Amino acid sequence: MSRPGEPTGRTQRPHLDAGVEPPTDRFHSALALDSNKPDSKDLALDLGSPVSPLRSRAASAAVTNTSSSSSSSGSFSGKLPASAAAARNVASGGPPGRPNHPGEISGESGPTALEGRSLWPGHRRTGSAPLVYSGGGGSSSASSPMTNVLPAGNICPSGIIGKTGMIAQKTPRSDVLGSGTGNYGHGSVMRGGTPGAGAWKTSGDVGMGNLVDSVARRAMTSSDLQEVTRAANEQYKRGQFAEALRLYDRGIAMCDHNAAYRSSLVSCRSNRAAALMGLGRLREAVKECEEVLRLDPMNERAHLRLASLYLRLGQVENAKRHIYFGGQQPEHFELQKLQAVERHLGKCANVRKIGDWKSALREADAAMTAGADSSLLLIALRAEALLHLHQLDEADSTLSSARKFETSSSSSLQTKFFGMLSDSYIYIVRAKVDMALGRFENAVAMAEKAWQMDPTNTEVTMVLNGVRSASRARAQGNELFKSGCFAEACMAYGEGLKSDPSNPVLHCNRAACRSKLGQWEKSIADCNEALRIHPSYTKALLRRAASYAKLERWAEAVRDYEALRKELPGDSEVAEALFHAQVALKTSRGEEVSNMKFGGEVEEIASLEQFQAAISLPGASVVYFMAPSNQQCTQMSPFVDALCTQNPSANFLKVNVNESPVIARVENVRIVPTFKIYKDGMKMKEMICPSEKVLEVSVRHYSILH
């Protein structure tokens, strides 16, 4: 029967993003021998690692050769054999014969440390459960001769270790701080706590959390490196990554320029990278891991963490370079993950080359699902595909989900993507989206940044020249239009369309010139093209409606104005234009329009005859049954007045049920406020005590319905 803190099955090699590996039973026993020797000369300064020292990929071979007496009961006495000591060092993340850096986080744990934050809403990595040492499922209070196997504060989620090569569970479970009983140090993290939105909570009372916060505040002014790093590790375990980052920064400042603290500096920087990953700042975490490798080129944990980061950023070649470092061979599932992302990226390049944008969108999504969930490059590809699929607003929001487009000073982050440097490609897509949405100055700035990064790339140069040319033509056309030179402005916009044929703004501007010149059919054609590219372009819709009206194509004009009323419900000019188009349409059909009116105040109804005549008027009639003494009516009346102003094409009627009880009785009104909507004398809807929102939506719907 396994003891608490011991593995209950065969070991599992780490996921690509773990960077550490659970120890075997044999190695666990070897660790136990040394855990009661805090002053062991084999170990560097102990800074209170947030997680237990775990076996690295190379450790399993070393552990196999350790003494069999250390593989079972844990009662072995005497000095640790040299082979076992070497295995311990390898298992802690360092090469044989060298101790692991003290205080270093051996494996990311917590709600975001491993998985991070996807930059694209709706995606999360698959198979990315925290891979740290998983102890047995026994009671934490069971006795064991191996006391203090894990140092206080170690992160030890419990659960069954799968067989070698088995992928971890895809559905993450919540982690909470354990009570610290038995072999677990106080504050150990264990599985199965109160579910929460990824938050870390202590098992003790609020006072324990306050105590940790107090320790952290004291550590910020402390000159004791050990106190600072331990406080940082505690904040990391609690999921307070920003606070942990500040403390690690303080630790780094204390270690810098002091050769005696070199190993501690490596640990602080490695832990800082883990905190950055927890905050979703993956590019900064990459730079931090590169700094760790500058200080310690053979740091295996930094290599594996970089492999994970690069894969999530969609940079497969860089991920391969680190996962194969030193001739190491990845696990089968790691290789599968790499190959899946690489396969989808290859398909992305192929379909982009032939302009198959639906497939590009699908393959980008597949690559993100496979593991490249935080790739700005794939986000940019999604935006470019949406742009070509005429979903401009979605393309813009997709780019906005990445929040920022920082360039990277790290050469390793500047990989080729579709023949362009990665950051250059991101700026090019941003420029294209900005151009389509009329942000010409921003587009030029983005394209120039892309060219400065990648001046020899043909596509970047072509995009820059096109953006500059279209922007100049638009500026020239605007000046000519303001001067009343409509024919010349029309030609200027045409020149811009030669550089950017799919620019909806230039099409719409040329439509305005053509309408000024009386070229209504050509104006409609330009508006049609602008709306094909950007279906929600309200200015193009408005200009097309006006052109239809000029041609007396009233049915098309009413259709466009009704669509505009839905988009611009408070626009009185659109409402008036719709009313006049409706009157003209009815007139062309020979219908009665003498009683149609536009705008005005809410009409008070005093008699049944007046009521029946009013609701028989063409168009929508909104009847408000009210009583001045009723509190709800008092609150609703100002809103009804506002609706009357916003919907001038509808007739608004008010019936005081106290003064006109006959109307209330005939209409069967027993509760106020009650609203009834009539259309050409026919009752369409009745609402008793509606909310303002329900009333507004209903009035808007029936006022534009014909």
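This report describes a pocket, the salt bridges and the cysteines of one structure, which is a predicted model.

The second largest pocket holds about 520 Å³ of space, and its lining is made up of 16 residues, with His 388, Lys 432, Ser 499, Asp 500 and Pro 501 lying nearest the centre. Three helices, H13 (376–388), H15 (422–436) and H17 (458–482), each supply at least two residues of this lining, and H17 gives the most, with five residues. By character, the lining of the second largest pocket divides into eight nonpolar, five polar and three charged residues.

The count of salt bridges comes to 33, and the table sets out some of these pairs.

| Salt bridge | Closest N to O |
|---|---|
| Glu 342 – Lys 320 | 2.9 Å |
| Arg 468 – Glu 448 | 3.2 Å |
| Glu 667 – Lys 676 | 3.0 Å |

The pair of Glu 342 and Lys 320 links distant parts of the chain, 22 residues apart, with Glu 342 in helix H11 and Lys 320 in helix H10; Glu 342 is partly exposed at 30% relative accessible area, and Lys 320 is partly exposed at 24%. The salt bridge between Arg 468 and Glu 448 likewise links distant parts of the chain, from helix H17 to helix H16, across 20 residues. Glu 667 counts as buried because its relative accessibility, 15%, falls under 20%, and Lys 676 is also buried, at 2%. Salt bridges that share partners join Asp 249, Arg 269, Arg 272 and Glu 288 into one network.

The count of disulfides comes to zero. Among the cysteines, Cys 289 is buried at 1% relative accessible area, whereas Cys 485 is partly exposed at 28%.

Terms used. Residues are numbered from 1 along each chain as its sequence is written. This is a predicted model: local features need pLDDT of at least 70, side-chain atom pairs count only at pLDDT 80 or more; totals for chains, interfaces and linings use all residues. Side-chain values use heavy atoms; hydrogens and water are left out. On a 1 Å grid over the protein atoms alone, a cavity is a set of points where a 1.4 Å probe fits but cannot get out, and a pocket is an open set with protein on both sides within 12 Å along at least five of seven lines; lining residues have an atom within 4 Å of a point. Grid points are joined across faces, edges and corners, and a volume is the space filled by probe spheres set on the points. Helices (H or I, at least four residues) and strands (E, at least two) are DSSP runs, numbered from the N terminus. Ala, Val, Leu, Ile, Met, Phe, Trp, Tyr, Cys and Pro count as nonpolar, Asp, Glu, Lys and Arg as charged, and the others, Gly among them, as polar. A disulfide is a pair of cysteine sulfur atoms within 2.5 Å. Buried means under 20% relative accessible area, exposed over 50%, partly exposed in between (1.4 Å probe, protein chains only). A salt bridge is a side-chain nitrogen of Lys or Arg within 4 Å of a carboxyl oxygen of Asp or Glu.
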